[in-house]
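Thank you all for coming; I would like to walk through one protein chain this morning, slowly enough that we can look at each part as we name it. Please keep the picture in view while I talk.

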Amino acid sequence: MDRTHAPLFEKMVSHYRKKHVSFHVPGHKSGKPLMTEEAEFFSGIMSIDYTEITGLDDLHHPDGVILEAQRLAAECFGAEKTFFLVNGSTVGNLAMILTVCRRNDILIVQRNVHKSVIHGLMLAGARAVFLSPRWDEETGLAAGVRPEDVDRALAAYPEAKGVLLTNPNYYGMGIDISAVARIAHHYGKPLLVDEAHGAHFGFHPDVPPSALSCGADAVVQSTHKMLTAMTMGAMLHVQGERIDRNALSRNLSILQSSSPSYPIMASLDLARRTMHMHGRERLSEGLAAVHAFHQRMKPLSCFRIVRKAPETSAYETLDPFKVTVCDATGTLSGFALQRELERFGCMVEMADARHVLLVFSLASEMDDAERLASAFLRISRQFHLQKKENRRFAANRYSIPQYTAISPPVSFDLHSFSETASEEKIRTVRLEEAVHARSAEMIVPYPPGIPVVYQGEVITAETARYLQSLAEAGAKFQGAKDPRLNTVAVYDHFQ
């Protein structure tokens, strides 16, 4: 196969240049009705916004240019088979779970997973045995799981259908996937990895290895997050014989739109070509911008950048493109620091109670790093941070919810949640009054979209305090009826 070839994109361009008359959907007919202001932004992309017409293949039954593009992607990312996703990593997580699990099956799952994993368990009617993450003492952030906990869980539940982990986490912290793969395979189980934030892994010596290279059986990557695809563009990679590829393909055809976006698919094709041809070079350029930012921040001792400490046991790798910063004086919370940076035109990925997360990529430039560092300098002057004493933060172990290392099976049968339709079985109480009650909603600080409380889960005093601290700091919540979390919904009959 020719790595310089972008078969889907090139076929779309060829079709465009023939200037065919459209008697097919979409109704905008290559953007003809666009008005002047609209055309400035949409005319280019709408001109190649096609559907499954002759020559452009079909995502759900590919035998032409889409199949060729997916085969090139498999070669590039080290898979045996790759599926293009137009509904983000979310649909990849759903499809993986539905492929390996049936009703009442058990899946070993990392506790701090994206909400899409929980939704996949609900759709499958499966049960989860949750593994508690390791907590980083310095930052108070949840990282990955212990390989020995995976071993203990599989020994305790040999009927489990597989193991599902998130790696890296939102902050770029990762674990040794190869150790977990060896354990899972020893028990004859597939290892599924949500590697949404690691599509660039393995393409440069200064970034961690990819989950596929470490032995994972199925891996989901958000090609739009850390590479150059359009938003919602993702890939699902498979290797080995532990995953039923026909079932996986069938589930994707059920879950994904029957009218997939051709511009998104073409952007996946082009993102692959970029990595095939110039991956290491482009990542080096992005890393140079990261390094320049670190250099510019050295005199600003009032800000602390998270770096992997040799003594930490919470994670083994840290993605250099994820830069997590806090105000070391304790003057500004993460949410306040986010507001100040955005006031200077630097839009950050997310904030938590203490940190802001800055995401660099292979497209980041020196000017970007300079502008960001200048914003931090102006903030330090505005709040006189350099004149204040730095505080030595330690993770507040009392505010972080503590979970059982290996939980008993937790049911996520979608039908068990149908009682939410009966409002008389649910009541709304203040957060502090919800301790010992079972939540009638999934409470998800967003971003990063990691549920703190699952529907049906008991709200402990520790969890309530943790949620209260997030709410007071300005966090936003999905899943909860009250996005400010002054109140929560609980099951009345579980009191």
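Let me begin with a question about a single residue: is F293 buried or exposed? F293 is buried, with a relative accessible area of 0%. I should say at once that this is a predicted model, and that everything I describe has been computed from it.

Before we stay with that residue, let us step back to the whole chain, which has 13 helices and 18 strands. Its radius of gyration is 23 Å, close to the 23 Å that the globule rule gives for 495 residues, so the chain is as compact as a globular protein of that length. Taken along the principal axes, the C-alpha atoms fill a box of roughly 65 × 55 × 45 Å. Of the 495 residues, 55% are buried, and if we take the contacts between residues at least 6 apart in sequence, 73% of them join residues at least 24 apart.

Now back to the aromatic rings. How many aromatic pairs does the count come to? The count comes to seven aromatic pairs, and one of them is formed by F293 and F360, a tilted pair with 5.8 Å from centre to centre and 45° between the planes. This pair links distant parts of the chain, since F293 belongs to helix 10, residues 262–297, while F360 sits in the loop between strand 13 (355–359) and helix 12 (366–382), and the two residues are 67 apart. F360 has a relative accessibility of 5%, and because buried means under 20%, F360 counts as buried.

F293 also forms a tilted aromatic pair with F376, where the centres are 5.9 Å apart and the planes make 50°. Here F293 lies in helix 10 and F376 in helix 12, so the pair ties together parts that are 83 residues apart in sequence. F376, at 0% relative accessibility, counts as buried. Taken as a group, F293, F303, F360 and F376 form one aromatic cluster.

There are also places where a charge lies over a ring. K19 lies over the face of Y16, at 3.9 Å from the ring centre, and the charged end of R343 sits over the ring of F344, 4.8 Å from the centre of that ring.

Let us turn to a sheet. In general, the strands of a sheet pair through backbone hydrogen bonds, and the pairing may be parallel or antiparallel. In our model, four strands form an open sheet in the order 9-11-13-12, and the pairing is antiparallel. Which strands stand at the edges? They are strand 9 (303–305) and strand 12 (350–351), each of which has a single partner strand, so one side of each is left without a neighbour in the sheet. Further in, strand 11, residues 322–327, pairs with strand 13 in the antiparallel sense over five bridges, and if you would like one bridge to look for, K322 has V359 in strand 13 as its partner.

What packs on this sheet? Helix 11, residues 334–343, does, and it touches strand 9, strand 11, strand 12 and strand 13, with a direction that makes about 45° with that of strand 13. Helix 12, which we have already met through F376, lies across strand 9, strand 11 and strand 13, and runs at about 145° to strand 9.

I would like to finish with the backbone. As a general matter, most residues other than glycine have a negative phi, and most peptide bonds are trans. With that in mind, where are the cis bonds I want to show you? A cis peptide bond joins V25 and P26, with omega about 5°, and P26 lies in the loop between helix 1 (7–17) and helix 2 (36–46). The peptide bond from N167 to P168 is also cis, with omega near 0°, and P168 has its place in the loop between strand 4 (163–166) and strand 5 (173–174).

Then there are residues with positive phi. S30, in the loop between helix 1 and helix 2, has a phi near 65°, which is positive although S30 is not a glycine, and at 39% relative accessibility S30 counts as partly exposed. N104 is found in the loop between helix 4 (88–100) and strand 2 (106–110), where its phi is near 75°, again a positive value in a residue other than glycine. N104 is partly exposed, with a relative accessible area of 45%.

Notes
Residues numbered from 1 in each chain as written. Predicted model: local features only at pLDDT ≥ 70, side-chain atom pairs only at ≥ 80, totals over all residues. Heavy atoms only, no water. Phe/Tyr/Trp six-rings, centres within 6.5 Å; stacked < 30°, edge-to-face > 60°. Buried < 20%, exposed > 50% of the residue type's maximum accessible area, 1.4 Å probe, protein only. Lys NZ or Arg CZ within 6 Å of the ring centre and 35° of its normal. Pairing = 2+ DSSP bridges. Contact = heavy atoms within 4.5 Å. Axes fitted to C-alpha atoms, helices over the stretch in contact; angles between N-to-C directions. Rg over C-alpha atoms; globule rule 2.2 N^0.38 Å.
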